[in-house]
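Have the viewer open and the sequence alongside? Let's walk through this one together, starting where the chains meet.

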There are 2 protein chains.
Amino acid sequence: MLSNTPRSKVKKAAHKAQDNVDILYQVIDHSLIAHIAINEASGPVVIPMLAWRVEDKVYIHGANNSRLMRNLAKGHQTCLTFTLFDGWVLARSAFHHSAHYRSAVVFGSFTSVVDRGEKDRLLNHFIEQIAPGRCEDIRLSSDKELDATMLLSIPLTEASVKVSCGEVNDDQADLDIPVWAGFIPYKTKIGPLKPSATLAIGIDEPDYSSAYMGRWDSE
Amino acid sequence: MLSNTPRSKVKKAAHKAQDNVDILYQVIDHSLIAHIAINEASGPVVIPMLAWRVEDKVYIHGANNSRLMRNLAKGHQTCLTFTLFDGWVLARSAFHHSAHYRSAVVFGSFTSVVDRGEKDRLLNHFIEQIAPGRCEDIRLSSDKELDATMLLSIPLTEASVKVSCGEVNDDQADLDIPVWAGFIPYKTKIGPLKPSATLAIGIDEPDYSSAYMGRWDSE
């Protein structure tokens, strides 16, 4: 169950609010991208960042000399938003056209992961999520590479989740209008793998499909 | 060409910056969702909103009594970010793993569109973008519905665009490692249409595919 603080309480379309942590995790795991707010003197800025979850924390990484990462590492209150667009809802009236989506808004502040071994483990965990087994074959990070990387974590303790997946919501009086009503689904299609132009001849294509088969396509 | 103000100048990975307005428009048109920042007393909040472009402006809409819409209508400086995730880049070293993406960060402030006829035209334009020809068949909005809807516009005058679509960027010394290197592409699959459970028998399925065929799948 998610906490329900004043800022994480869903105010608009509250019937779409979800307090199931499994749905929060699913939205984060499928989004891949977090949109993260920082405040600059000239106003707020929203930056898209790769984000991955391990247990009850979300991680982001970037270069140690990145202005954004340094700003986030200061521990200011911030917000990460994850959104999956699932399709259009076509109603019989213009007014009731809408969308299916799943979104999660996470509040809190980032903490830097400084231990080199822990950084290595969490970064490799990210690669394994994308391409299971790959860390056995690639060159793992050197100390110098790990030191050049900033890794930040944020706990999933304060979040709100919205899921819009309902039926077409037409006015009763419009139900007889002879126009098609329904949904245009949007799904993510992953693969097939495409080799690098620099790939040597004779290297077999790996099978990473267990990471994503049936996860997006069959939903 | 896009303006290059201090806040819209790309600082990190500047070689990925684009100043072509066509790419900005493409990223916005394909994203559908804008992640918009507002500042609350407790910190910044990032809200996902449907967003569509007509010429050189982006529009969002919501209920007239929405706290978010009222906040944005005040004309504070804000930021809208649009992101398309195009896939993973699998390198021979953990460190050089990365992603293909396209993103646009738009700065400015919203203005409310108050003229009822103009609101009607712009909202119908949005429906026509999703489902060409549909406005001839549906019930168009009543004055009451238009009055209950807030429509906000922001001009596309200050924006930065980043496109990451390059080759695997391995260190020279890693090129001989016998591991597969390349890309896992992510694409959006749209359709097929799914009828509402309330759809009467005998209503033909429309063909809206001209709005999206070849636009996402074939990229």
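Start with strand β11 of chain A, which pairs with strand β11 (residues 182-190) of chain B through five bridges, the two running antiparallel. To find a spot in that pairing, look for Tyr186(A), which sits opposite Ile190(B) in β11(B). Keep in mind as you look around that this is a predicted model. Its scores are ipTM 0.93 and pTM 0.93. Chain A has an average pLDDT of 92, and 93% of the residues score at least 70.

Now zoom out to the whole contact between the chains. On the chain A side, 78 residues are in contact with 78 residues of chain B. Quite a list of elements takes part: β2 (33-40), β3 (43-50), β6 (78-90), β7 (98-108), α3 (116-130), β11 (182-190) and β12 (194-195) of chain A each bring at least two residues to the side that touches chain B. Which of them gives the largest share? That's β11(A), with nine residues. Sorted by class, the side of chain A that touches chain B comes to 43 nonpolar, 19 polar and 16 charged residues.

How are the two copies related? Turn chain A by 180°, with 0.0 Å of shift along the rotation axis, and chain A superposes on chain B with an RMSD of 0.0 Å. So what you're looking at is the relation of a two-fold axis. The same surface serves both copies, too: 100% of the contact residues of chain A recur in chain B. If you'd like to find the axis on screen, go to Thr188(A), the residue of chain A that comes closest to it, with its C-alpha at 2.4 Å. Thr188(A) falls within β11 (182-190) of chain A, the strand that bridges to β11(B).

Next, take chain A by itself. Its secondary structure comes to four helices and 12 strands. The C-alpha atoms fill a box of roughly 70 × 50 × 35 Å along the principal axes. Of the 219 residues in chain A, 38% are buried. Among the contacts in chain A with a separation of 6 or more, 73% are between residues 24 or more positions apart.

One piece of chain A that's easy to trace is an open sheet of four strands, with the order β4-β5-β9-β8 and antiparallel pairing. At its edges are β4 and β8 (111-112), each of which pairs on one side only. As a reminder, strands of a sheet pair through backbone hydrogen bonds, either parallel or antiparallel.

Let's go across that sheet strand by strand. β4 (residues 52-54) of chain A is joined to β5(A) by three bridges, and the two run antiparallel. In this pairing, Trp52(A) stands opposite Tyr59(A) of β5(A). β4(A) and β5(A) make a hairpin with two residues between them, and in the turn Glu55(A) has a positive phi of about 55°. Then comes β5 itself (residues 57-63), which is mostly covered: five of its seven residues are buried. On from there, seven bridges connect β5(A) with β9 (residues 149-155) of chain A, again antiparallel. His61(A) has Leu151(A) as its bridge partner in β9(A). Finally, β8(A) and β9(A) pair over two bridges in the antiparallel sense, and there Ser112(A) is partnered with Leu152(A) of β9(A).

What about the inside? The largest nonpolar core has 112 residues, and those with the most contacts inside it are Val106(A) and Val106(B). Pick the chain B copy and look around: leaving out residues up to four places away in sequence, Val106(B) touches Val58(B), Cys79(B), Leu80(B), Ile154(B), Leu156(B) and Ala159(B).

For a last stop, stay in chain B and find Tyr101(B), in strand β7 (residues 98-108). Is Tyr101(B) buried or exposed? Tyr101(B) counts as buried because 21 other C-beta atoms lie within 10 Å, and the cut-off is 20 or more. Not counting residues up to four places away in sequence, Tyr101(B) touches Thr83(B), Leu84(B), Phe85(B), Asp86(B) and Ser164(B). Tyr101(B) and Tyr186(B) are 85 residues apart in sequence, yet their C-alpha atoms are 9.7 Å apart in space.

Key:
Residues numbered from 1 in each chain as written. Chains lettered and ligands numbered in written order. Predicted model: local features only at pLDDT ≥ 70, side-chain atom pairs only at ≥ 80, totals over all residues. Buried ≥ 20, exposed ≤ 12 C-beta atoms within 10 Å, placed from the backbone. Pairing = 2+ DSSP bridges. Contact = placed C-beta atoms within 7 Å. Nonpolar A, V, L, I, M, F, W, Y, C, P; charged D, E, K, R; others polar. Core = buried A, V, L, I, M, F, W, Y, C linked by C-beta atoms within 7 Å. pLDDT = per-residue confidence, 0-100. Least-squares fit on C-alpha atoms with pLDDT ≥ 70 in both.
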